[in-house]
Amino acid sequence: PPSAYATSLLLSQALLDGGLAHRRPGCLFIDMDAATLLSPIGDVLCGSLGAIQLPVGMPVQESVTRRIAQLHARGYRFALAGVVSPDDARTAWLPMVSFVKLDVSLAPVSAWATVQELARQAGATLIADRMTESADYLRLKALGVRYFQGDLLMAPQEESPRSLPSCDLDVLGRLFRLVRHGAPPEALAMTAASDP
């Protein structure tokens, strides 16, 4: 479930350790709850790498709306996850949303076209999410939906980041001593560069 820790871990592994952003630019959907979005962690993901996914149950509060507007103005993209009807309170954010994820497993068939029209009017891309049935896929394709996610198409793939070597404790100790004695940045850089 979304939390500051889960989001930090995912961003760290995907962007820093795993290099996924270089292999698959633009396709990361990072879940962020309200607390994480309002924290400095929300500033880490830039628009070119993916979208901040706003989960079901995220409160539509002034502070959250203001934060979404600030990040949107800086080029960040957002996705509404788990939409099952046009009555979702989070649709208030549609002017700032790039993706609407229709939860096909929970949304009644009668709501699909309405949610699709809502996304179209907002200029957001509709993604049929949690696809498990071929019949649902065919119905949505006939409605003109172009993007799909779910077990029907592909089982979830786990990406493992490459392991990074830990730093040399002797070098770290020397750096600490140099900093305590006010060594210039060049001396610190040379010492740090000696760590394989």
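1. Start with the charged contacts. A search of the whole structure finds seven salt bridges. Keep in mind that this is a predicted model. The points below take some of these contacts in turn, then move to a pocket.

2. Which residue forms a salt bridge with Arg-130? The partner is Asp-103. The closest N and O atoms of this pair are 3.0 Å apart. The two residues sit in distant parts of the chain, 27 residues apart. Arg-130 lies in the loop between β5 and α6. Asp-103 belongs to strand β4, residues 99-103.

3. Is Asp-103 buried or exposed? Asp-103 has a relative accessible area of 5%, so the residue is buried. Arg-130 counts as partly exposed because its relative accessibility is 44%.

4. Now look at helix α5. Here Arg-120 forms a salt bridge with Glu-117. The closest N and O atoms are 2.5 Å apart. Arg-120 and Glu-117 are three residues apart in α5, so about one helical turn separates them. Arg-120 counts as exposed, at 54% relative accessibility. Glu-117 counts as partly exposed, at 33%.

5. Helix α6 spans residues 134-143. Arg-139 forms a salt bridge with Asp-136, with the closest N and O atoms 3.0 Å apart. Both residues are in α6. They are three residues apart, so the separation is about one helical turn. Arg-139 is partly exposed, with a relative accessible area of 41%. Asp-136 counts as buried, at 14% relative accessibility. The cut-off for buried is under 20%.

6. Salt bridges can also join into a network. Which residues are linked in this way? They are Asp-43, Arg-67 and Arg-74.

7. Next, the second largest pocket. Its volume is about 160 Å³. Residues lining this pocket include Gln-116, Ala-119, Arg-120, Leu-126 and Tyr-147. Arg-120 is worth finding again: this lining residue also forms the salt bridge with Glu-117.

8. Which elements give two or more residues to the lining of this pocket? They are α5, residues 109-122, and β5, residues 125-129. The largest share, three residues, comes from α5.

9. What is the make-up of the lining of the second largest pocket? Five of its residues are nonpolar, three are polar and two are charged. Arg-120 and Arg-146 both appear in the lining, and Arg counts as charged. Look too for Gly-144 and Val-145 in the lining.

Definitions and conventions
Residues numbered from 1 in each chain as written. Predicted model: local features only at pLDDT ≥ 70, side-chain atom pairs only at ≥ 80, totals over all residues. Heavy atoms only, no water. 1 Å grid on protein atoms, 1.4 Å probe; cavity = no way out; pocket = protein on both sides within 12 Å on 5 of 7 lines; lining within 4 Å. Points joined across faces, edges and corners; volume = space filled by probe spheres on them. Helix = DSSP H or I, 4+ residues; strand = E, 2+ residues; numbered from the N terminus. Salt bridge = Lys/Arg side-chain N within 4 Å of Asp/Glu carboxyl O. Buried < 20%, exposed > 50% of the residue type's maximum accessible area, 1.4 Å probe, protein only.
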